[in-house]
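Hi,

Here is the structure I promised to send over. Have a look, and my notes follow underneath.

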Amino acid sequence: QVQLVESGGGLVQPGGSLRLSCAASGSIYSINAMGWYRQAPGKERELVADITSADSTNYADSVKGRFTISRDNAKNTVYLQMNSLKPEDTAVYYCKTEVVTTNYVARNYWGKGTLVTVSS
């Protein structure tokens with residue numbers, strides 16, 4: 001069993017910053033890719049950014065230059081630093097990790113989501 005705990009969401013004014021964290025725990029042998037997705041009201045869930053075990057990163061065009069994804073393998077944690085936030089960044093942000101469990105089974109796990117609201 002693997003659990004993901006997200007934190008760092010909240011209300012911020014346009015132009016402000018937030019840092020999201022997602023910590024994985026449980027029956028983990030290793031973690032491959034980690035990423036952040038978001039879902040705004042009335043819209044489909046979309047990729048924001050992801051990072052491989054080799055620290056190769058990928059970003060949605062809408063967040064390039066403003067958001068930075070990173071990971072701490074010793075803590076099984078992925079971060080999303082969000083700067084220059086815009087109202088259109090308002091969404092529930094979800095963490096997704098590809099975990100190889102101690103039974104050597106690889107599967108994706110999702111967090112429950114953290115709400116980010118950008119508003120004046």
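**The cysteine pair and a loop glycine**

C22 is buried, at a relative accessible area of just 1%. Before going further, please keep in mind that this is a predicted model.

So what does C22 pair with? Its partner is C95, and the two form a disulfide with their sulfur atoms 2.1 Å apart. The bond ties together distant parts of the chain: C22 belongs to strand β3 (residues 18-26) and C95 to strand β9 (residues 91-101), with their positions 73 residues apart in the sequence. C95 is buried too, because its relative accessibility is 0% and the cut-off for buried is under 20%.

As for handedness, the torsion about the S-S bond of C22 and C95 comes out at about -80°, which means the disulfide is left-handed. I also ran a search over the whole structure, and it turned up 1 disulfide.

The other residue I looked at is G16. You'll find G16 in the loop between β2 (10-12) and β3. Is G16 buried or exposed? With a relative accessible area of 18%, G16 counts as buried, since the limit is under 20%.

Which residues does G16 touch, once its neighbours within four places in sequence are set aside? The contacts are M82, N83, S84 and L85. Y79 is another matter for distance: G16 and Y79 lie 63 residues apart in sequence, and their C-alpha atoms are 17 Å apart in space.

That's what I have for now. Shout if you'd like to go through any of it together.

Cheers

Definitions and conventions
Residues are numbered from 1 along each chain as its sequence is written. This is a predicted model: local features need pLDDT of at least 70, side-chain atom pairs count only at pLDDT 80 or more; totals for chains, interfaces and linings use all residues. Side-chain values use heavy atoms; hydrogens and water are left out. A disulfide is a pair of cysteine sulfur atoms within 2.5 Å. Helices (H or I, at least four residues) and strands (E, at least two) are DSSP runs, numbered from the N terminus. Buried means under 20% relative accessible area, exposed over 50%, partly exposed in between (1.4 Å probe, protein chains only). Contact means heavy atoms within 4.5 Å.
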